[in-house]
Amino acid sequence: MYAIASQFTSPPDFIAYNAILIMGRWTRALNAIADTMPGFSALLARPEVATARMHSPLKRASARALAIVLALLALLTAADVSAQEWRYRVRPGDNVWELARRHLKPDVPWERLQALNQVEDPYRLVPGSVMRFPLAWLHQQPAKARIVAFAGNIQATRPGSATPFPISVDQRLDAGTTLRTASDASLTLEFADGSRLQLMGDSELQLDRLSAYGSTGMVDTRLRLPRGRTSYDVKPNRGPGSRFIVESPGLMTSVRGTGFRVASDGSSSRSEVYQGRVDVSGGGRRVVVAAGRGTYSDARQQPVTPLALLPAPDL
């Protein structure tokens, strides 16, 4: 098969092809060309093979033009990549297609993963090397929270319904579930990454968002605490997509592997850290709270400068 430059009947055709790339419609253009030109994907991966088969006198000019096209493709791919990436260490037997099938969204072609990582041969990946996956390309699926234990009267409702449904130990709860505890009740939940939450009496908790990035180990957990008290044991994050966020009136607490408590009376909130550290924000202000310190929301719904927690009483 001739190289790509020889497939265009005139210079304007080749210029138009480059214009399509520059205008941001390169994905559809590449897919269309790949459908009508067998081996086009291999051409992108191995341009030196293609240029070696070009014939004089167009060889040098065509090779230069092809290099420009590939440079534009790499540039546009890089511009489309999120600053945050998950990195995977290649294991024996891995190949680009299998990794793409396992981790990428259905609308992200494996060729983009190959281009981003500059893989020459998609059949062969070097064990121990690192493959980069932009978070925006990764497949996400809904996750669930598991009831570990509970005591007392617990009301659980689904989105759009005020009718409580019965709960049991080991039951899985979907995002959107709201939990309310009586004054003498308590509930322990476990999330997809093994993090745990304890909901105290006279509290209300909303499971706002529960999702996971395929089999990467990264989990996105977001909760709302309109009122009441909670304590958390959050596992260390497994990558840039790992999030554990608790929103309460006046405060948003972001966690990356730590132990902390959040309490709210319905109008203001406080966060206390007993292990690790957390980011707390509200009203346009952000503070970092280290272990043994806490913060609360002031009249402007901003977190105050962290204060030392009172020592545990001697019993």
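A residue counts as buried when its relative accessible area is under 20%, as exposed when that area is over 50%, and as partly exposed in between. Keep these cut-offs at hand during the tour, and remember that the model on your screen is a predicted one.

**The whole chain**

Begin with the entire protein chain selected and coloured by secondary structure, where 7 helices and 19 strands can be picked out. Of its 315 residues, 43% count as buried. The accessible surface of the chain comes to about 16,800 Å², and 53% of that surface belongs to carbon and sulfur atoms. If you take the contacts between residues at least 6 apart in sequence, 50% of them join residues at least 24 apart.

**Glutamate 204 and its two arginines**

Now select E204, R180 and R227, and show their side chains. A search of the whole structure finds 21 salt bridges, and one of them joins E204 to R180, with the closest N and O atoms 3.6 Å apart. E204 belongs to strand β10 (residues 204–212) while R180 belongs to strand β7 (residues 178–181), so this pair ties together parts of the chain that are 24 residues apart in sequence.

Which of these residues are buried, and which are partly exposed? E204 has a relative accessibility of 13% and therefore counts as buried, whereas R180, with a relative accessible area of 29%, is partly exposed.

Turn next to R227, whose side chain also meets that of E204 in a salt bridge, at 3.7 Å from N to O. This pair, too, links distant parts of the chain, because E204 sits in strand β10 and R227 in strand β11 (residues 219–233), 23 residues apart. R227 counts as partly exposed because its relative accessibility is 27%, a value that falls between the limits of 20% and 50%.

**Arginine 286 and aspartate 279**

Select R286 together with D279, which form a salt bridge whose closest N and O atoms are 3.2 Å apart. Here R286 counts as exposed, at 54% relative accessibility, while D279, at 27%, counts as partly exposed. Then move the selection to D94, E98, R101 and R102, which are joined into one network by salt bridges that share partners.

**The nonpolar cores**

For the next stop, hide the surface and select L189, F191, L207, L223, Y232, F244 and F260. These are the residues with the most contacts inside the largest nonpolar core, which has 35 residues. Keep L189 in view and ask which residues it touches, leaving aside those up to four places away in sequence. Among them are R146, I147, V148, L173, L179, L205 and L207. Apart from the largest core lies another, of 19 residues, and W86, F133, W137 and Y213 are among its members.

**Three strands side by side**

Switch to a cartoon view and select strands β15 (residues 269–275) and β18 (residues 293–296), which run antiparallel and are joined by 4 bridges. To follow one of these pairings residue by residue, pick R270, whose bridge partner in β18 is Y296. Strand β18 is also joined to strand β19 (residues 307–308), again antiparallel, by 2 bridges. On this side, R293 stands opposite A308 in β19.

**Two loops**

Select D265, which is found in the loop between β14 (259–264) and β15. With a relative accessible area of 56%, D265 is exposed. Its side chain reaches the backbone nitrogen of S267 at 2.9 Å, and a polar atom of the D265 side chain also lies 2.9 Å from the backbone nitrogen of S268. If you draw a distance between C-alpha atoms, D265 and S248 are separated by 9.4 Å, although they are 17 residues apart along the chain.

For the last stop, select S215 in the loop between β10 and β11. Is S215 buried or exposed? At 54% relative accessibility, S215 counts as exposed. Its C-alpha atom is separated by 7.9 Å from that of R102, and these two residues are 113 residues apart along the chain. Not counting residues up to four places away in sequence, S215 touches R102 and H103. R102 links this stop to an earlier one, since R102 also takes part in the salt-bridge network with D94, E98 and R101.

Notes. Residues are numbered from 1 along each chain as its sequence is written. This is a predicted model: local features need pLDDT of at least 70, side-chain atom pairs count only at pLDDT 80 or more; totals for chains, interfaces and linings use all residues. Side-chain values use heavy atoms; hydrogens and water are left out. A salt bridge is a side-chain nitrogen of Lys or Arg within 4 Å of a carboxyl oxygen of Asp or Glu. Buried means under 20% relative accessible area, exposed over 50%, partly exposed in between (1.4 Å probe, protein chains only). Contact means heavy atoms within 4.5 Å. Accessible areas come from the Shrake-Rupley method with a 1.4 Å probe; for residues, only the protein chains shown count as cover. A nonpolar core is a set of buried Ala, Val, Leu, Ile, Met, Phe, Trp, Tyr and Cys residues joined through side-chain atoms within 4.5 Å. Two strands pair if DSSP finds at least two bridges between them. A polar contact is a pair of N or O atoms within 3.5 Å; within protein, one must be able to donate a hydrogen and the other to accept it, and residues adjacent in sequence count only if both atoms are side-chain atoms.
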